[in-house]
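Here are a few exercises to work through with the model open beside you. Try each task on your own before reading its solution.

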Amino acid sequence: MNYEIKGGELPVVELHLESGESINCENGAMSWMTDNMQMQTKGNGIGKMFSKAMTGEKMFSNTYVANNGPGMITMCTNFPGSIIAIEIGPGREIICQKGAYLASTPGVDMSIFFQKKIGAGFFGGEGFIMQRMSGTGMVFLEIDGTAIEYQLEAGQRMIIDTGYLAMMDASCKMDIETVKGGIKNMVLGGEGFFNTVVTGPGKIILQTMPKVQLASAIGSFLVTSR
């Protein structure tokens, strides 16, 4: 399989499959395809369906297979942002935000990742439940806004505002801490009371326009424009 990510703020991933190759994707993700691509819809059992619902994905997924020769299929984002491709393999599992999954090759497994620390789940902005991608293959993720990557060394920390963490390697650890500088900074600084803290080693991907931030900006505009 070959792929190409095209477009700007509303990108599309164009996948070229050899005869017999298949791609799994979120229900309704297909945008256009050649006429020899055959679709199969599946729920993957009650446990898998529940897991997908808990992580913000649709309960059913689709598999597209190229029949009788090479085929092409494309998938677009449903929000202005980016599409990133990540290779999953032994020793390379990732944790990502709910709703990030777009598509994957056979062999990639998606499961629930629970925050073990109550504080991180309540106040970190990422929630108790995220997605874990494991197995072997390629996974395509949707990122809100532009995707910015950092490689953290062992023990290196990144302080992240609520909602800006899109993905991290499973080798990273996530926690929360209060905004430094006392109650004045918390109340008047405009950054809230808590930040997410990710500690390496591993790669993290941050997003420049989380949906929650955009919704807040639009809400403020609607209120002030009345």
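Helices (H or I, at least four residues) and strands (E, at least two) are DSSP runs, numbered from the N terminus. This is a predicted model, in which local features need pLDDT of at least 70 and side-chain atom pairs count only at pLDDT 80 or more, while totals for chains, interfaces and linings use all residues. Residues are numbered from 1 along each chain as its sequence is written, and side-chain values use heavy atoms, with hydrogens and water left out.

**Exercise 1. Place Tyr-3 and describe its surroundings on the surface.**

Step 1: Find the element. Tyr-3 belongs to strand S1, which covers residues 2-6.

Step 2: Classify the exposure. Buried means under 20% relative accessible area, exposed over 50%, and partly exposed in between (1.4 Å probe, protein chains only). Tyr-3 counts as partly exposed because its relative accessibility is 36%.

Step 3: Look for a patch. Patches are made of residues with over 30% relative accessible area and no salt bridge (a side-chain nitrogen of Lys or Arg within 4 Å of a carboxyl oxygen of Asp or Glu). Like charges are joined within 9 Å, and nonpolar side chains (Val, Leu, Ile, Met, Phe, Trp, Tyr) within 5 Å. Tyr-3 forms a nonpolar surface patch with Met-1 and Ile-5, and together they have about 230 Å² of accessible area. Such areas come from the Shrake-Rupley method with a 1.4 Å probe; for residues, only the protein chains shown count as cover.

**Exercise 2. Work out the sheet that contains S1.**

Step 1: Apply the pairing rule. Two strands pair if DSSP finds at least two bridges between them. S1 and strand S2 (residues 12-17) run antiparallel and are joined by 5 bridges; across from Asn-2 stands His-16 in S2.

Step 2: Extend the order. The open sheet has 4 strands, S1-S2-S7-S4, with antiparallel pairing. S1 and strand S4 (30-33) are its edge strands, each pairing on one side only.

**Exercise 3. Which strands flank S16, and is S16 mostly covered or open?**

Step 1: Read the order. An open sheet of 6 strands runs S11-S12-S9-S16-S19-S14, with antiparallel pairing. At the edges stand strand S11 (108-114) and strand S14 (147-152); each has a single partner strand, so one side of each is left without a neighbour in the sheet.

Step 2: Check both flanks. Strand S9 (residues 94-96) pairs with S16 over 3 bridges in the antiparallel sense, and Cys-96 stands opposite Met-167. S16 also pairs antiparallel with strand S19 (residues 202-207) over 3 bridges. There, Met-167 has Ile-205 as its bridge partner, and Met-168 has Ile-204.

Step 3: Check the cover. S16 is mostly covered, with 5 of its 5 residues buried.

**Exercise 4. Where does Tyr-164 lie?**

Step 1: Tyr-164 is in the loop between strand S15 (157-160) and strand S16 (165-169).

Step 2: Its relative accessible area is 23%, so Tyr-164 is partly exposed.

Step 3: Its C-alpha atom is separated by 7.4 Å from that of Met-209, 45 residues apart along the chain.

**Exercise 5. Summarise the whole protein.**

Step 1: There are 4 helices and 19 strands.

Step 2: Of its 226 residues, 43% count as buried. The accessible surface comes to about 11,500 Å², and 58% of that belongs to carbon and sulfur atoms.

Step 3: A contact means heavy atoms within 4.5 Å. Among contacts with a separation of 6 or more, residues 24 or more positions apart account for 78%.
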